[in-house]
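Trainee: I should like to learn how to read the features of a protein structure. May we work through one together?

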Amino acid sequence: MSRRLSRQLARLTESGVRRIEVKNTMQIKFIAAVVLFGIIAVMSAYTVETGNVAVERTLGKVDHEEKEQGLNFKMPFLTNSIEFSAKEIAIDINDLTPKAADNLSLKDLDVSVFYRVPQDRVSELMVKYAASATRGQDGVYMPAYGLLYREARAAIYEQVSRIDSLQLHKQRDILQNEVLEELQGRLERTDPGDLVITRVVVRALNTDPSIEAAIREAVEAEKRLEAKQVQVEIAKKDAEIEIERAKGIAEANNIINESLTAEYLQHEVNKALQQFADNEGSVVVIPANMQGFDLILDSGQLRRSGN
């Protein structure tokens with residue numbers, strides 16, 4: 001009896017263990033399925049930052065439909081997504097020493113070139129210039145960065161060679177515009193519409209010390225010339241004033257000469273002598289024989305003044 005009971009108890013124990021094992025196995029499988037699904041979901045979903053696009057590559061084949069900003073999905077394990085910047089990108093080109101038109105080299109030239117790529121052309125440039133893409137510090141790739149750097153450097157050297165070193169400081173804006181046009185022209189010949197140069201900024205332009213001295217001398221000479229030109233203009237104005245003054249005096253003299261007749265002069269002399277005669281106690285000295293005076297005097301007035 002006891003032996004039968006022991007057997008039954010053993011069978012019950014074994015079946016319970018089996019049920020527990022089956023239940024645990026199912027839980028493990030469920031947990032494994034959840035974890036696997038989570039991994040697949042994580043591997044499938046990715047986000048693209050504002051102003052950027054993503055290019056997907058599946059088993060080496062590039063999808064030329066760029067993925068825009070926001071949440072996107074891909075095939076896990078098989079598809080790789082690469083994020084590119086579609087914003088304005090800056091390329092800093094420093095420590096250049098190009099030769100100017102007068103064959104004098106600059107001591108230091110620092111230029112920043114800004115460019116952007118249309119969003120719908122990023123995948124084409126990724127394929128065409130795969131080796132030129134550069135990864136930024138934020139992990140986002142900059143399309144055709146290496147190509148732009150080389151072309152921009154060549155364009156800068158080309159345009160500096162067309163301007164005299166003494167004129168570069170004055171023509172900085174012209175240099176920036178010429179570099180932009182030169183660089184954009186180079187890119188349009190190979191990749192029309194794919195790369196857009198937005199602006200060029202000359203950040204530093206330092207010439208050789210001997211050139212700096214020549215520039216200072218040229219500036220001082222120019223200032224002296226400007227001062228001389230001002231003096232010339234002042235002298236011209238003074239001369240014009242003197243001419244106008246002389247014309248006024250001449251016209252006044254002409255008017256006076258025309259009005260000073262012999263009769264008028266005689267009349268004025270008579271009036272003066274009359275005033276002398278009316279002023280008692282005054283002595284009037286008249287040249288002998290009235291030389292120089294042809295006087296026509298009122299004899300009656302003279303007699304009355306004598307009495």
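Trainee: Is Gly51 buried or exposed?

Mentor: Please keep in mind that this is a predicted model. A residue counts as buried when its relative accessible area is under 20%. Gly51 has a relative accessible area of 17%, so Gly51 is buried.

Trainee: Where does Gly51 lie, and which residues is Gly51 in contact with, leaving aside its neighbours within four places in sequence?

Mentor: Gly51 belongs to the loop between β1 (45–48) and β2 (52–58). Apart from neighbours within four places in sequence, Gly51 is in contact with Gln69, Ser85, Ala86 and Lys87. Consider also Phe84: this residue is 33 residues from Gly51 in sequence, while their C-alpha atoms are 9.1 Å apart in space.

Trainee: What can be said of Ser44 and Val201 in the same manner?

Mentor: Ser44 lies in helix α1 (residues 2–44). With a relative accessible area of 11%, Ser44 is buried. Not counting residues up to four places away in sequence, Ser44 touches Asn72, Phe73, Lys74 and Pro76. Ser44 and Asn80 are separated by 36 residues in sequence and by 9.7 Å in space, C-alpha to C-alpha.

Mentor: Val201, by contrast, is partly exposed, with a relative accessible area of 28%. Val201 lies in strand β10. Val201 and Val113 are 88 residues apart in sequence, yet 6.5 Å apart in space, C-alpha to C-alpha. The contacts of Val201, leaving aside neighbours within four places in sequence, are with Asp110, Val111, Ser112, Phe114 and Gln176.

Trainee: How many helices and strands does the protein have, and what percentage of its residues is buried?

Mentor: The protein has seven helices and 10 strands. Of its 307 residues, 26% are buried. As for contacts in the protein with a separation of 6 or more, 69% are between residues 24 or more positions apart.

Trainee: How should I read the length of a helix?

Mentor: One compares the distance between its end C-alpha atoms with the span expected from its number of residues. The 16 residues of α3 should span 22 Å at 1.5 Å a residue, and the end C-alpha atoms are 22 Å apart, so the two values agree. Helix α4 (residues 172–190) has 19 residues and reaches 28 Å from its first C-alpha to its last, close to the expected 27 Å.

Trainee: Which residues of these two helices are buried?

Mentor: A general idea helps here. An α-helix has 3.6 residues a turn, so residues three or four places apart point the same way. In α4, the buried residues are Leu175, Gln176, Val179, Glu182, Leu183, Gln184 and Leu187. They pack against β7 (108–116), α3 (145–160) and β10 (196–206). In α3, those buried are Tyr145, Gly146, Leu147, Leu148, Ala152, Ala155, Ile156, Gln159 and Val160. The cover over the buried residues of α3 includes β6, β7, β8 (134–135), β9, α4 and β10.

Trainee: At what angle do α3 and α4 pack?

Mentor: The angle is about 130 degrees, and the axes of α3 and α4 are 9 Å apart. The angle therefore makes α3 oblique to α4. The crossing of α3 past α4 is right-handed. Among the residues that make the contact are Leu148, Ala152 and Gln159 of α3, and Leu175, Val179 and Leu183 of α4. By type, the residues of this contact divide into 10 nonpolar, one polar and five charged.

Trainee: Which residues is Gln159 in contact with, leaving aside its neighbours within four places in sequence?

Mentor: These residues are Leu175, Glu178, Val179 and Glu182. Gln159 itself is placed in helix α3, and counts as buried at 4% relative accessibility.

Trainee: What should I look for in the backbone angle phi?

Mentor: Most residues other than glycine have a negative phi. Asn103 has a positive phi, near 70 degrees, and is not a glycine. The place of Asn103 is in the loop between β6 (89–96) and β7. Ala144 likewise is not a glycine, and its phi is positive at about 55 degrees. Ala144 lies in the loop between β9 (141–142) and α3.

Trainee: Is Asn103 buried or exposed, and is Ala144 buried or exposed?

Mentor: Asn103 is exposed, with a relative accessible area of 52%. Ala144 is buried, with a relative accessible area of 1%.

Key: Residues numbered from 1 in each chain as written. Predicted model: local features only at pLDDT ≥ 70, side-chain atom pairs only at ≥ 80, totals over all residues. Heavy atoms only, no water. Helix = DSSP H or I, 4+ residues; strand = E, 2+ residues; numbered from the N terminus. Buried < 20%, exposed > 50% of the residue type's maximum accessible area, 1.4 Å probe, protein only. Contact = heavy atoms within 4.5 Å. Axes fitted to C-alpha atoms, helices over the stretch in contact; angles between N-to-C directions. Parallel < 35°, antiparallel > 145°, perpendicular 65-115°, else oblique. Left-handed = near helix turned anticlockwise from the far one by under 90°. Nonpolar A, V, L, I, M, F, W, Y, C, P; charged D, E, K, R; others polar.
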